[in-house]
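Biologist: I would like a close look at a single part of this protein, please. Pick one element, and tell me how its residues sit and what surrounds them.

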Amino acid sequence: MNDASSDGAAPNWAAIREEYEGRKFVPATICKRYGITPAQLRHRREAEGWISARARMVRREGLIALMMKVLDKQVRRLEMAVNEPIEKQANVLGMSVKTLDKLIELGAAQPNVEPATKKDMTDLRDKLAKRIDQFKNR
């Protein structure tokens, strides 16, 4: 149970951090498991900038929905920008699509999550490309 050995070896801070940030145990339990004090845990957490146990965990589905909103907003801006250069906005849009692809890919690697189909992503890319072409042809 206790990963800190009785011969005075240093606690396994990597394992402690993983349990703390992963919310596997409450801080008091982590302290008991590794034979450290709450002050030691707090000091290490603050010094290394660990994610707080109270931090709101963002779910992948929420990130994907947020990215879809960002993409929609960028496409609308692109449609409205009549006299502005399109290249910069198209680059930003392209980076956003790549970010969305990565989020979906990460979600597909999770258990019980349906992977995005290639057709869905191809449809999204085609739609974006069509809107960009329509904008260029104005």
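**A close look at helix α2**

Modeller: Happy to. Among contacts in the protein with a separation of 6 or more, 64% are between residues 24 or more positions apart. Please keep in mind that this is a predicted model. The protein has six helices and zero strands, and from the N terminus on the order reads α-α-α-α-α-α. Of its 138 residues, 24% count as buried.

Let us settle on helix α2, which spans residues 27–34; Ile-30, Cys-31, Arg-33 and Tyr-34 are buried there. Viewed down the axis of α2, these buried residues fall within an arc of 165°, so they line one face of the helix. A general point about helices helps here: an α-helix has 3.6 residues a turn, so residues three or four places apart point the same way. On the other side of α2 you will find Ala-28 and Lys-32, both exposed. As for what lies over the buried residues of α2, the cover includes α1 and α3, the latter running over 38–48. Just after α2 comes Gly-35, with a positive phi near 65°.

Now for the α1 side of that cover, where Glu-19 is a good residue to click on. Glu-19 belongs to helix α1, residues 13–21. Its relative accessibility is 8%, which is why Glu-19 counts as buried: the cut-off is under 20%. The side chains of Glu-19 and Arg-33 are joined by a polar contact of 2.8 Å, and Arg-33 is one of the buried residues of α2. Leaving aside residues up to four places away in sequence, Glu-19 touches Lys-24, Phe-25, Ile-30, Arg-33 and Tyr-34. Ile-30, Arg-33 and Tyr-34 also appear among the buried residues of α2. So if you display Glu-19 together with α2, you can follow these contacts from the α1 side.

Once you have seen α2, you may like a stop elsewhere in the chain, at the second largest pocket. The volume of this pocket is about 160 Å³. Helices α4 (60–80) and α6 (118–136) are the elements giving two or more residues to its lining. That lining is made up of Met-68, Leu-71, Asp-72, Val-75, Leu-124, Lys-127, Leu-128 and Arg-131. Sorted by class, the lining of the second largest pocket holds five nonpolar, no polar and three charged residues.

Definitions and conventions:
Residues numbered from 1 in each chain as written. Predicted model: local features only at pLDDT ≥ 70, side-chain atom pairs only at ≥ 80, totals over all residues. Heavy atoms only, no water. Helix = DSSP H or I, 4+ residues; strand = E, 2+ residues; numbered from the N terminus. Buried < 20%, exposed > 50% of the residue type's maximum accessible area, 1.4 Å probe, protein only. Polar contact = N/O pair within 3.5 Å; in protein donor to acceptor, adjacent residues only side chain to side chain. Contact = heavy atoms within 4.5 Å. 1 Å grid on protein atoms, 1.4 Å probe; cavity = no way out; pocket = protein on both sides within 12 Å on 5 of 7 lines; lining within 4 Å. Points joined across faces, edges and corners; volume = space filled by probe spheres on them. Nonpolar A, V, L, I, M, F, W, Y, C, P; charged D, E, K, R; others polar. Arc of directions from axis to C-beta.
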